[in-house]
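Here is a short report on one chain and its ligand. Look over the sequence and the model before reading on.

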Amino acid sequence: MTTRRTRLIVALDTKDEAQAARWRDQTAASADAIKLGLEFTYAQGLDAVRRVAKGHSLFLDLKLHDIPNTVGSAIGSLADTRPAMLTIHAQGGSAMIAAARAAVDRAFPADARPLLLAVTVLTSMDEAALHEIGVHDDPCQQVLRLGALAVAAGADGLICSPHEIIPLRDRLGDAPVLVVPGIRPAGAETGDQKRVMTPTQARNAGADWIVVGRPITTAADPAAAAAAVAAELAG
Ligand SMILES: O=c1ccn([C@@H]2O[C@H](COP(=O)(O)O)[C@@H](O)[C@H]2O)c(=O)[nH]1
């Protein structure tokens, strides 16, 4: 058990700006931050990201993964969105992660610098999915490998499943910020997520942030669903 406060990011996964704004407002009393990602940004662009995120803490989850020069330049292009957190893929390797670090430090003023978070192994992947791409370690081993590499190359934190929180803390200590999707309240559909836990389990394992999308946004009452997750985290 840990005493850190686990905070809630609500994933506004939609192509529609009005819908994103509605979910944002419905969940504002319970959410500590909002996530906008690939689906919204490709459909609506960065001006809409700025509009929806105005006045809110933004987790900009674009999972950058390219050669170091391109990732560094792309981060420069995101500076106007003023994210609190942004994501890259750890699989891009240490040169790409170091370029991202340098770009964040260059593109943002010191008092408005987003946390640079590296996605380790997508929470939708299990051992079989890793085998398919030629990785013969289990997800936890691969998360530990990529997590250590990413932090050494300059990432402030990691995206991991709740199952890897305790092993990552054992390996890397308290400093890396752990942002954790793959969260399902008891009884909720897992959908495409493979490595899941409940909000309570993720909090008890030591998550800094949890990311919850469909269990809130597809609920009949998103405000109540978000409040229930927040209550679990506070409980
Ligand atoms: O490994 C990862 C990295 C990011 N995500 C993102 O989190 C949310 C989860 O949404 P749910 O609807 O609660 O499954 C979504 O925006 C993903 O892009 C992730 O799930 N896993």
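Does Lys 63 count as buried, exposed or partly exposed? Lys 63 counts as partly exposed, because 17 C-beta neighbours lie inside 10 Å. The scale runs as follows: a residue is buried if 20 or more other C-beta atoms lie within 10 Å of its own, exposed if 12 or fewer, and partly exposed in between, with C-beta atoms placed from the backbone.

## Basis of the model

This is a predicted model: local features need pLDDT of at least 70, side-chain atom pairs count only at pLDDT 80 or more, and totals for chains, interfaces and linings use all residues. Residues are numbered from 1 along each chain as its sequence is written.

## Overall fold

The chain has ten helices and eight strands. Its radius of gyration is 17 Å, close to the 18 Å that the globule rule gives for 235 residues, so the chain is as compact as a globular protein of that length. That radius is taken over C-alpha atoms, and the rule is 2.2 Å times the number of residues to the power 0.38. Helices (H or I, at least four residues) and strands (E, at least two) are DSSP runs, numbered from the N terminus.

Along the principal axes, the C-alpha atoms fill a box of roughly 45 × 35 × 35 Å. Of the 235 residues, 43% count as buried. Contacts (C-beta atoms, placed from the backbone, within 7 Å) often link distant parts of the sequence. Of those with a separation of 6 or more, 68% join residues 24 or more positions apart.

## The annotated domain

An unreviewed UniProt entry annotates residues 7-229 as "domain: Orotidine 5'-phosphate decarboxylase". UniProt positions follow the numbering used here, feature names are shortened, and annotations may be inferred rather than shown by experiment. Over residues 7-229 the chain is 44% helix and 17% strand. The end C-alpha atoms of this stretch are 10 Å apart.

## Annotated active-site residues

For "active site", the unreviewed UniProt entry lists Asp 61, Lys 63 and Asp 66. Asp 61 is found in strand E3, and Lys 63 is in E3 (residues 58-64) too. Asp 61 counts as buried, with 25 C-beta neighbours inside 10 Å. Leaving aside neighbours within four places in sequence, Asp 61 is in contact with Lys 35, Gly 37 and Thr 87.

On the same basis, Lys 63 touches Thr 87, Ile 88, His 89 and Val 119. Phi of Lys 63 is near 45°, a positive value in a residue other than glycine.

## Around the ligand

The ligand is surrounded by 17 residues. A residue is near a molecule if its C-beta atom, placed from the backbone, lies within 6 Å of it. The closest are Ala 11, Thr 123, Pro 181, Gly 213 and Arg 214. Strand E2 (33-37), strand E8 (209-212) and helix H9 (214-217) each supply at least two residues of the shell.

By class, the shell has eight nonpolar, five polar and four charged residues. Here Ala, Val, Leu, Ile, Met, Phe, Trp, Tyr, Cys and Pro count as nonpolar, Asp, Glu, Lys and Arg as charged, and the others, Gly among them, as polar.

## The nonpolar core

The largest nonpolar core has 66 residues. Such a core is a set of buried Ala, Val, Leu, Ile, Met, Phe, Trp, Tyr and Cys residues joined through C-beta atoms within 7 Å. Those with the most contacts inside it are Ile 9, Val 10, Ala 100, Ala 118, Val 180 and Ile 210. Helix H4 (residues 93-107) gives the largest share, six residues.

Ile 9 has contacts in several stretches of sequence. Not counting residues up to four places away, they include Ala 33, Phe 59 and Ile 210.

## Helix H1 and Thr 27

In helix H1 (residues 17-27), Ala 20, Trp 23, Arg 24, Gln 26 and Thr 27 are buried. These residues pack against strand E1 (7-11), E2, helix H2 (38-53), H9 and helix H10 (222-234).

Thr 27 has 24 C-beta neighbours inside 10 Å. Beyond four places in sequence, Thr 27 is in contact with Val 10, Ile 216, Pro 222, Ala 223 and Ala 226. Thr 27 and Pro 222 are 195 residues apart along the chain, yet their C-alpha atoms are separated by 6.7 Å.

## Two loop residues

His 136 lies in the loop between helix H5 (127-132) and helix H6 (139-152). His 136 is exposed, with 9 other C-beta atoms within 10 Å. Arg 82 sits in the loop between helix H3 (68-77) and strand E4 (85-89). Arg 82 is partly exposed, with 16 other C-beta atoms within 10 Å. Its phi is positive, about 50°, although Arg 82 is not a glycine.

Technical notes
Two residues are in contact if their C-beta atoms, placed from the backbone, lie within 7 Å.
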